[in-house]
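Please open the model in your viewer and keep the selection panel at hand. The stops below move from one selection to the next.

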Amino acid sequence: MVLPPAHSSRLKYVSLGVLVFQTTSLVLTMRYSRTLKEDGPRYLASSAVVSAEVLKILVCTLIVFMENNFSVRLLKEEIVNKPVETLKLAIPAGIYTLQNNLLYVALSNLDAATYQVTYQLKILTTALFSVSMLGKRLGLYQWLSLLFLMAGVTLVQWPTESEVDSEQAVLSAGSQFVGLMAVLTACLSSGFAGVYFEKILKETKQSVWVRNIQLGLFGFVFGIVGMTVYDGERVRESGMFQGYNTITCTVVTLQALGGLVIAVVIKYADNILKGFATSLSIIVSTLISYFLLEDFNPTSLFFMGAMLVIAATFLYSNECKPANGSAIKV
């Protein structure tokens with residue numbers, strides 16, 4: 001069905017709003033939940049990851065049921081009767097589980113604005129894995145945008161003058177380093193898992209919802225293993241849902257539904273609009289971090305780096321055509 005131009009235009013702007021809201025709200029609520037001082041134990045990040053996977057499985061299963069008149073035949077055929085195809089999702093699921101845990105580590109040690117800018121390095125890792133795994137050819141402007149991206153993130157992370165002898169400054173620097181390493185590892189894992197998942201989708205005709213159920217099942221298993229290994233003692237003492245509150249449930253919901261919402265929205269939003277949404281989310285996160293969370297003091301280097309990252313996002317998204325006819329579009 002072809003939508004009227006006016007309706008299509010409205011959908012694009014609705015898509016823009018949804019993307020900005022989802023990206024910004026997840027980062028800010030996750031950051032707030034990891035820094036909020038409360039009586040009693042803080043919620044376990046590993047538990048939140050498992051809860052998000054369960055919620056994602058439930059939502060995707062409901063969608064598949066609704067699309068197939070509430071019949072379980074499709075799920076049985078695609079998941080149970082095709083074990084080899086299902087097992088292919090184990091690799092990206094394990095990497096996504098690691099990535100989701102790393103994001104909690106990152107936002108426990110970095111302010112939302114710095115995290116948002118640095119996390120855009122996933123554009124670089126995704127591009128490099130697309131070239132090596134999918135045979136994609138990048139154009140001149142896209143390679144140039146990746147250079148801008150690296151320069152921008154470098155400026156954002158560039159150390160500023162501080163009192164080195166201060167114990168608080170040393171602790172802050174250590175925390176910043178942990179957060180940076182968590183973001184960089186998450187960017188690397190995000191790039192590989194995203195391209196691997198795309199490669200699987202290109203090779204099969206299964207629906208995105210079925211694939212997300214398969215991802216969620218493996219993600220749940222890996223998440224349970226990780227929670228048992230790293231937080232098993234705390235779970236035995238106070239339970240899996242210790243420290244859960246309204247903010248925690250909001251974070252879990254946003255994390256579970258975020259990828260699904262984007263999957264639906266992307267078909268209405270072009271690459272330029274996605275870049276615009278990313279840029280807006282960086283600006284909004286910076287403003288809220290500074291005025292509301294009060295955990296961020298912007299510097300001239302940060303603003304220069306952020307502008308370079310935003311410019312790189314637009315530049316990369318703007319060149320939609322591959323370098324030659326044999327390139328694979330992504």
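Begin by selecting Lys88 and Glu85, whose side chains meet in a salt bridge with an N to O distance of 3.2 Å, a salt bridge being a side-chain nitrogen of Lys or Arg within 4 Å of a carboxyl oxygen of Asp or Glu. Add Arg211 to the selection, since salt bridges that share partners join Glu85, Lys88 and Arg211 into one network. This is a predicted model, in which local features need pLDDT of at least 70 and side-chain atom pairs count only at pLDDT 80 or more, whereas totals for chains, interfaces and linings use all residues. Residues are numbered from 1 along each chain as its sequence is written, and side-chain values use heavy atoms, with hydrogens and water left out.

Colour the three members by accessibility, where buried means under 20% relative accessible area, exposed over 50%, and partly exposed in between (1.4 Å probe, protein chains only). Lys88 is partly exposed at 29%, and Glu85 is partly exposed at 22%, while Arg211, at 0% relative accessibility, counts as buried. Arg211 has its place in helix H10, helices being DSSP runs (H or I, at least four residues) and strands likewise (E, at least two), numbered from the N terminus. From Arg211, draw a distance to Ile79: the two C-alpha atoms are separated by 9.0 Å, although the residues are 132 apart along the chain.

Next, select Glu77 and Arg73, whose side chains meet in a salt bridge at 3.0 Å, N to O. These residues lie four apart in helix H3 (residues 73-80), and so are separated by about one helical turn. Glu77 is partly exposed, with a relative accessible area of 31%, whereas Arg73 is exposed, with 54%.

Which side chain does Lys56 meet in a salt bridge? Select Glu53, for the two side chains meet at 3.4 Å, N to O. Lys56 and Glu53 are three residues apart in helix H2, and therefore about one helical turn separates them; both are buried. In total, the structure holds four salt bridges.

Stay with H2 and show H10 beside it: their axes come within 8 Å and cross at roughly 160°, the axes being lines fitted to C-alpha atoms, for helices over the stretch in contact, with angles running from 0 to 180 degrees between N-to-C directions. H2 and H10 are therefore roughly antiparallel to each other, as angles under 35 degrees count as roughly parallel, over 145 as roughly antiparallel, 65 to 115 as roughly perpendicular and the rest as oblique. The crossing of H2 and H10 is left-handed, that is, the near helix is turned anticlockwise from the far one by less than a right angle.

Now switch to a surface view and select Val54, Leu58, Phe220, Val221, Val225, Val229 and Tyr230, which form a nonpolar patch with about 690 Å² of accessible area together. The elements that give two or more residues to this patch are helix H2 (45-67) and helix H10 (208-238), and the largest share, five residues, comes from H10. Phe220, found in H10, counts as partly exposed at 32% relative accessibility.

For the last pair, select helix H8 (residues 140-157) and helix H13 (residues 300-318), whose axes come within 7 Å and cross at roughly 160°. That makes H8 roughly antiparallel to H13, and H8 passes H13 in a left-handed crossing. Finally, zoom out to the protein chain, whose secondary structure comes to 13 helices and zero strands, and in which buried residues make up 43% of the 330 residues.

Methods
Patch = residues over 30% accessible without salt bridge, like charges linked within 9 Å, V, L, I, M, F, W, Y side chains within 5 Å. Areas by Shrake-Rupley, 256 points an atom, 1.4 Å probe, with all protein chains shown as cover.
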